[in-house]
Amino acid sequence: MKMSQRMAGAIDETQVMSSYVAPDATPEISGLFEEWLRTVEDEILEILTQEKSLKPSGIAAKLKISEKSVNFFIDKMKKEGKLKTAQS
């Protein structure tokens with residue numbers, strides 16, 4: 001979780017390109033960013049497995065990232081079919 005906290009602080013509240021990585025990023029940077037995205041997604045899924053009714057603000061507090069970032073990840077995972085909600 002420490003890696004996700006540090007990196008979240010570094011990119012939190014920034015605009016993410018549609019491919020999630022700027023087109024001119026090196027393969028190494030792209031790989032690290034994608035790894036970080038998967039790590040945070042896994043952490044969110046783990047939290048939701050343990051506490052199914054937890055709100056984004058609670059997840060944000062547990063991961064020490066902003067609620068806006070949590071909402072970004074939840075929306076991303078819904079679009080990719082990795083997360084289903086009562087409404088979807």
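A nonpolar core is here a set of buried Ala, Val, Leu, Ile, Met, Phe, Trp, Tyr and Cys residues that are joined through side-chain atoms within 4.5 Å. In this predicted model, the largest such core comprises 16 residues, and those with the most contacts inside it are Trp36, Val40, Ile44, Ile59, Leu63, Val70 and Phe73. Three helices each supply at least two residues of this core, namely helix H2 (27-50), helix H3 (56-63) and helix H4 (67-79). Of the contributors, H2 gives the most, with seven residues.

**Aromatic pairs**

The number of aromatic pairs comes to three. In one of them, tryptophan 36 and phenylalanine 73 are arranged edge-to-face, with 5.5 Å from centre to centre and 70° between the planes. This pair links distant parts of the chain, since tryptophan 36 lies in helix H2 and phenylalanine 73 in helix H4, 37 residues apart. Tryptophan 36 has a relative accessible area of 4% and is therefore buried, and phenylalanine 73, at 2% relative accessibility, likewise counts as buried. Phenylalanine 73 also pairs edge-to-face with phenylalanine 72, at 5.3 Å centre to centre and with 80° between the planes. Phenylalanine 72, however, is partly exposed, because its relative accessible area is 30% and the partly exposed class runs between the limits of 20% and 50%. Taken as a group, Phe33, Trp36, Phe72 and Phe73 form one aromatic cluster.

**Salt bridges around glutamate 41**

The model holds five salt bridges, and the table sets out three bridges that involve Glu41, Lys76, Glu80 or Lys82.

| Lysine | Glutamate | Closest N to O distance |
|---|---|---|
| Lysine 76 | Glutamate 41 | 2.4 Å |
| Lysine 82 | Glutamate 41 | 2.8 Å |
| Lysine 82 | Glutamate 80 | 3.1 Å |

The bridge between lysine 76 and glutamate 41 ties together parts that are 35 residues apart in sequence, because lysine 76 lies in helix H4 and glutamate 41 in helix H2. Which side of this pair is buried or exposed? Lysine 76 is buried, with a relative accessible area of 7%, and glutamate 41, at 3% relative accessibility, counts as buried too.

Glutamate 41 also forms a salt bridge with lysine 82, and that pair again links distant parts of the chain, with lysine 82 in the segment after H4 and glutamate 41 in helix H2, 41 residues apart. Lysine 82 is partly exposed, at a relative accessible area of 42%, and glutamate 80, with which lysine 82 forms a further salt bridge, is partly exposed as well, at 37%. Through salt bridges that share partners, Glu41, Lys76, Glu80 and Lys82 are joined into one network.

**Lysine 62**

Lysine 62 is located in helix H3, and its relative accessibility of 38% places this residue in the partly exposed class. The side chain of lysine 62 is joined to that of glutamate 51 by a polar contact of 3.1 Å. Between the C-alpha atoms of lysine 62 and isoleucine 44 the separation is 9.4 Å, the two residues being 18 apart along the chain; isoleucine 44 is itself listed with the residues that have the most contacts inside the largest nonpolar core.

Key:
Residues are numbered from 1 along each chain as its sequence is written. Side-chain values use heavy atoms; hydrogens and water are left out. Buried means under 20% relative accessible area, exposed over 50%, partly exposed in between (1.4 Å probe, protein chains only). Helices (H or I, at least four residues) and strands (E, at least two) are DSSP runs, numbered from the N terminus. Rings of Phe, Tyr and Trp (its six-membered ring) pair if their centres lie within 6.5 Å; planes under 30 degrees apart count as stacked, over 60 as edge-to-face and the rest as tilted. A polar contact is a pair of N or O atoms within 3.5 Å; within protein, one must be able to donate a hydrogen and the other to accept it, and residues adjacent in sequence count only if both atoms are side-chain atoms. A salt bridge is a side-chain nitrogen of Lys or Arg within 4 Å of a carboxyl oxygen of Asp or Glu.
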